[in-house]
Protein chains: 2
Amino acid sequence: MSDSLTRASGIVFDLDGTLVDSTYVHTLCWWEALQQFGHERPMAAVHHTVGMGADHLLDHLLGDGRDRSQDDAVTAAHDVLFSTWHERLHPLPSARTLLNWCRDAGLTVGLASSGGQRDLWAMMDVLDHPDFDVIVTGDDVDSTKPDTDVLDAALDRAGLDAEDVLVVGDSVWDMQAARRAGVVPVGVATGGTSAPELESAGAELTYQDLAALLDALQEAKPAPVAGTWGARP
Amino acid sequence: MSDSLTRASGIVFDLDGTLVDSTYVHTLCWWEALQQFGHERPMAAVHHTVGMGADHLLDHLLGDGRDRSQDDAVTAAHDVLFSTWHERLHPLPSARTLLNWCRDAGLTVGLASSGGQRDLWAMMDVLDHPDFDVIVTGDDVDSTKPDTDVLDAALDRAGLDAEDVLVVGDSVWDMQAARRAGVVPVGVATGGTSAPELESAGAELTYQDLAALLDALQEAKPAPVAGTWGARP
């Protein structure tokens with residue numbers, strides 16, 4: 001049993017690939033957007049940049065010495081292509097169960113995504129509008145993951161101390177940002193990045209999926225059963 | 001320098017995710033095909049079954065105790081959806097250079113894929129019709145990877161001894177089949193499965209991409225330069 005799970009008073013989730021099954025769709029949409037502007041990159045390379053915002057993602061795929069004059073157009077192309085998928089996306093298994101359990105357990109629950117506002121409400125529709133205490137997107141900050149801005153903003157707005165917060169994500173950028181922000185990096189392999197890769201990027205704990213994380217949380221932190229408040233020993 | 005690379009007299013390639021950048025497209029097409037028949041599976045789970053043929057893939061995703069009456073229809077749906085992508089696919093970087101180098105170096109060059117004939121010639125178009133000594137697809141055998149049938153058939157038709165053959169693939173199923181067939185399993189991380197995952201599945205050697213494999217082969221096995229036959233010491 002992890003002391004970090006027992007001690008946590010807050011939990012901050014990444015969105016794409018962590019709560020919504022969208023990482024592979026982002027991969028295809030960035031691949032296609034890059035193609036349309038003459039940049040051919042292997043899909044696996046694109047996949048492993050998803051989780052950063054457009055600012056860092058294009059640096060990684062095209063080099064930071066590039067002509068940046070097309071960046072906005074490439075990013076807009078990705079956003080247009082991704083929007084065509086909004087209706088077809090699904091939550092990752094156990095996402096809603098886990099979010100509800102975290103609320104019932106008294107945790108402060110946040111969302112910190114490198115993605116923009118444009119997709120946020122569509123993804124909230126996919127998740128059936130969970131009750132987050134705080135939501136921060138890439139549009140709210142100067143720099144996305146692996147920088148700490150979205151996590152810092154979420155902690156600040158929620159009034160949480162970093163060391164008592166679990167940050168759950170599926171990408172190496174989530175783990176790097178969490179490690180830098182001083183929170184507990186928790187990796188889930190739901191975006192196609194394996195547990196060993198997440199550990200190499202700084203994950204303190206890794207789980208195959210959200211159901212396994214929920215099992216670990218329930219073991220570490222027995223939650224009050226709804227309607228039985230006061231009955232716990 | 002690897003003795004296995006130096007000793008090799010033959011090299012057998014997987015197709016999807018190894019020579020052609022199609023693993024992520026297969027993932028989306030199987031995901032969509034399963035959806036159309038009422039089976040929702042996370043995309044990362046689908047991704048990690050790509051590399052098997054439809055026979056084993058559906059067992060892994062739906063359980064081998066399922067009603068199999070829809071298998072042919074689900075598989076046909078995948079094939080139809082994948083066909084819409086034929087024109088948009090690209091070779092993985094260095095695929096054609098590596099295949100040409102292997103020919104120049106005197107290696108017997110084979111292709112052994114779990115995929116079917118339907119996609120084969122479209123993928124040969126993508127690769128600009130390389131000169132394989134032998135081609136075996138999932139339609140030629142009773143059982144696809146991780147069983148050894150496609151590799152056994154390729155070795156048999158090419159008259160190669162297993163221990164002198166490199167088998168290059170991007171999936172755990174390629175590595176498992178190669179290990180069982182007694183050939184040298186060589187993993188490339190071009191399909192989004194990481195080198196550590198490929199090593200866990202039995203890879204003797206792993207490379208980030210085909211360019212890195214080509215570098216290693218050139219170091220292990222100096223090849224005659226075209227037109228200078230007889231000039232080597």
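# Charge, fold and pairing in a predicted two-chain model

Chain A carries 14 positive and 38 negative side chains, and the centres of these two sets are 1 Å apart. The model is predicted, and every value below is computed from it.

The overall fold of chain A comes next. Its secondary structure consists of eleven helices and six strands. The radius of gyration of chain A is 18 Å, and the globule rule gives 17 Å for 233 residues, so chain A is as compact as a globular protein of that length. Along the principal axes, the C-alpha atoms of chain A occupy a box of roughly 65 × 35 × 30 Å. Of the 233 residues in chain A, 57% are buried. Among contacts in chain A with a separation of 6 or more, 66% are between residues 24 or more positions apart. The area that chain A exposes is about 9400 Å², and carbon and sulfur atoms contribute 46% of that area.

The second chain can be placed relative to this one. Two copies of a chain are related by a rotation about an axis and a shift along it. Here chain B is superposed on chain A by a rotation of 180° with 0.0 Å of shift along the axis, at an RMSD of 0.0 Å. This is the relation of a two-fold axis. Of the interface residues of chain B, 100% are also interface residues in chain A, so the copies meet through the same surface.

One residue that touches the other chain is T27(A), which sits in helix α2, residues 23–36, of chain A. T27(A) has a relative accessibility of 0% and therefore counts as buried, the cut-off being under 20%. Apart from residues up to four places away in sequence, T27(A) touches M43(A), V46(A), H47(A) and V50(A), and also Y24(B) from chain B.

Within chain B, two further buried residues show how separate parts of the sequence come into contact. A154(B) belongs to helix α8 of chain B, and its relative accessibility of 0% makes it buried. Setting aside residues up to four places away in sequence, A154(B) touches V12(B), A112(B), V134(B) and V136(B). The C-alpha atom of A154(B) is 26 Å from that of A76(B), a residue 78 positions away along the chain.

V167(B) is part of strand β4, residues 165–169, of chain B. With a relative accessible area of 4%, V167(B) is buried. V12(B), which was listed for A154(B), is also touched by V167(B). The other residues that V167(B) touches, not counting those up to four places away in sequence, are L151(B), M175(B), A178(B), V183(B), V184(B), P185(B) and V186(B). H78(B) is 89 residues from V167(B) along the chain, and their C-alpha atoms are separated by 26 Å.

Q70(B) offers a case from a loop, the one between α4 (54–62) and α5 (71–83) of chain B. Its relative accessibility of 35% puts Q70(B) in the partly exposed class. Leaving out neighbours within four places in sequence, Q70(B) is in contact with F37(B) and H39(B). Q70(B) and L57(B) are 13 residues apart in sequence, and their C-alpha atoms are 14 Å apart.

The backbone has some unusual points as well. Most residues other than glycine have a negative phi, and most peptide bonds are trans. In chain A, the peptide bond joining K145(A) and P146(A) is cis, with omega about 15°. P146(A) is located in the loop between β3 (134–136) and α8 (149–158) of chain A. Chain B likewise has a cis peptide bond between K145(B) and P146(B), with omega about 15°, and P146(B) is in the loop between β3 (134–136) and α8 (149–158) of chain B.

Positive phi values occur at two loop residues of chain A described here. S94(A), which is not a glycine, has a phi of about 75°. The loop that holds S94(A) runs between α5 (71–83) and α6 (95–104) of chain A, and S94(A) is partly exposed with a relative accessible area of 26%. H129(A), also a residue other than glycine, has a positive phi near 50°. H129(A) lies in the loop between α7 (117–126) and β3 of chain A. Its relative accessible area is 44%, and H129(A) is thus partly exposed.

Definitions and conventions:
Residues are numbered from 1 along each chain as its sequence is written. Chains are lettered from A and ligands numbered from 1 in the order in which they are written. This is a predicted model: local features need pLDDT of at least 70, side-chain atom pairs count only at pLDDT 80 or more; totals for chains, interfaces and linings use all residues. Side-chain values use heavy atoms; hydrogens and water are left out. Helices (H or I, at least four residues) and strands (E, at least two) are DSSP runs, numbered from the N terminus. The radius of gyration is taken over C-alpha atoms; the globule rule is 2.2 Å times the number of residues to the power 0.38. Buried means under 20% relative accessible area, exposed over 50%, partly exposed in between (1.4 Å probe, protein chains only). Contact means heavy atoms within 4.5 Å. Accessible areas come from the Shrake-Rupley method with a 1.4 Å probe; for residues, only the protein chains shown count as cover. Lys and Arg count as positive and Asp and Glu as negative; His and the chain ends are not counted. The place of a charge is taken as NZ of Lys, CZ of Arg, CG of Asp or CD of Glu. Copies are superposed by least squares on the C-alpha atoms of residues with pLDDT of at least 70 in both.
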